[in-house]
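Grab a pencil and get ready to look around a protein chain. Each exercise below sets a small task and then walks through it.

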Amino acid sequence: MAHRKKQIINKDHKTKSSKGRPRCGLCGKTGKLTKTECCDQWICDDEDQYVLFSYAQNSCYRNHDRYTLCSYHYHEGHPGDWKDCPKCREDFETEMYVWYGTNEYNFEKLENPPDYEPTKCSKCGKIIKLGEDGHTQTGNEYLCEKCGNLELQKVLRQSKA
Ligand SMILES: [Zn+2]
Ligand SMILES: [Zn+2]
Ligand SMILES: [Zn+2]
Ligand SMILES: [Zn+2]
């Protein structure tokens, strides 16, 4: 009887210790890890592997640092929690605010992101996902990648003439 009890205890202990091994909070890898400055979470220490001028978004550290409100809030020195920070809310238009607060580079996501009207290309009406799609902004207008390029060519031609 007593022997059996001991075994069970050992088993519990084992599962606990494997859980304690730090993993990147974004991709779950257990390799080389560091902690984020902003929120003190384990994250892949992969910034040095980033290839300059490649657009690959494959660095957990860099993605969290560049594309989240968490990091923005920290770097701007705002007080309190980023999730209910009125300054962060003001600094971005709603669509970007929601994207920065809910994308896959976040450890914690905005629980009740505000609604927003989708941004549309002012030329062709295509919906532009500001966080992911290439686009051009001129004043209050947005152009999709395609229309933006056409517009750019027009401007270049005009400036030559
Ligand atoms: Zn990672
Ligand atoms: Zn953070
Ligand atoms: Zn903030
Ligand atoms: Zn367009």
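The exercises that follow all concern this predicted model.

**Exercise 1. Work out how many helices and strands there are, and in what order they come.**

Step 1: Count the elements. The protein has six helices and six strands.

Step 2: Read from the N terminus. The order is α-β-β-α-α-α-α-β-β-β-β-α.

Step 3: Check how much is buried and how contacts spread. Of 161 residues, 19% count as buried. Among contacts with a separation of 6 or more, 26% link residues 24 or more positions apart.

**Exercise 2. Find where the confidence of the prediction is lowest and where it is highest.**

Step 1: Start with the overall picture. The mean pLDDT is 85, and 80% of the residues reach 70 or more.

Step 2: Go to the extremes. Helix α1 (residues 2-19) has the lowest confidence, with a mean of 48, while α3 has the highest, at 98.

Step 3: Zoom in on the weak stretch. Over residues 6-17 the pLDDT stays under 50, and the model has zero contacts beyond four places in sequence for them.

Step 4: Decide how to treat it. Where pLDDT is low, predicted coordinates shouldn't be read in detail.

**Exercise 3. Name the buried residues of helix α3 and say which elements they pack against.**

Step 1: List them. In α3 (residues 69-76), Leu69, Cys70, Ser71, Tyr72 and His73 are buried.

Step 2: Look at what surrounds them. They pack against α2 (60-67), α4 (86-91) and α5 (94-102).

Step 3: Find the largest nonpolar core. Its six residues are Leu69, Cys70, Tyr72, Trp82, Cys88 and Tyr100. Helix α3 gives the largest share of this core, three residues.

Step 4: Follow one member. Leaving out residues up to four places away in sequence, Tyr72 touches Cys88 and Tyr100.

Step 5: See what comes just after the helix. There, Gly77 has a positive phi of about 70 degrees.

**Exercise 4. Do the buried residues of α5 line one face of the helix or lie all around?**

Step 1: Pick out the buried residues of α5, which are Val98, Tyr100 and Gly101.

Step 2: Look down the axis. The buried residues of α5 fall within an arc of 165 degrees, so they line one face of the helix.

Step 3: Ask what covers them. The cover includes α2 and α3.

Step 4: Turn to α2. Its buried residues are Cys60, Tyr61, Asn63, His64 and Asp65, and they pack against β1, β2 and α3.

**Exercise 5. In the loop between β1 and β2, classify Cys38 and Asp40 as buried, partly exposed or exposed.**

Step 1: Place both residues. Cys38 is in the loop between β1 and β2, and Asp40 is in the loop between β1 (33-35) and β2 (42-44).

Step 2: Use the neighbour counts, where 20 or more means buried and 12 or fewer means exposed. Cys38 has 18 other C-beta atoms within 10 Å, so Cys38 is partly exposed. Asp40 counts as exposed because it has 9 C-beta neighbours inside 10 Å.

Step 3: Check what Cys38 meets. Setting aside neighbours within four places in sequence, Cys38 is in contact with Cys70, Ser71 and Tyr74. Cys38 and His64 are 26 residues apart in sequence, with 9.5 Å between their C-alpha atoms.

Step 4: Look at the backbone of Asp40. Its phi is near 55 degrees, a positive value in a residue other than glycine. Most residues other than glycine have a negative phi.

**Exercise 6. Describe how β5 and β6 pair, and what sits in the turn.**

Step 1: Get the direction. β5 and β6 (residues 141-144) pair in the antiparallel sense over four bridges. One of the pairs: Thr138 has Glu141 in β6 as its bridge partner.

Step 2: Look at the connection. The two strands form a hairpin with two residues between them, and Gly139 in the turn has a positive phi of about 60 degrees.

**Exercise 7. Find out what Leu130 touches.**

Step 1: Locate Leu130, which is in the loop between β4 (127-128) and β5 (135-138).

Step 2: Judge its exposure. With 18 other C-beta atoms within 10 Å, Leu130 is partly exposed.

Step 3: List the contacts. Not counting residues up to four places away in sequence, Leu130 touches Glu95, Met96, Trp99, Thr119 and His135.

How values were computed. Residues are numbered from 1 along each chain as its sequence is written. Chains are lettered from A and ligands numbered from 1 in the order in which they are written. This is a predicted model: local features need pLDDT of at least 70, side-chain atom pairs count only at pLDDT 80 or more; totals for chains, interfaces and linings use all residues. Two residues are in contact if their C-beta atoms, placed from the backbone, lie within 7 Å. Two strands pair if DSSP finds at least two bridges between them. The arc is that of the directions from the helix axis to the C-beta atoms. A nonpolar core is a set of buried Ala, Val, Leu, Ile, Met, Phe, Trp, Tyr and Cys residues joined through C-beta atoms within 7 Å. pLDDT is the predictor's confidence in each residue, from 0 to 100.
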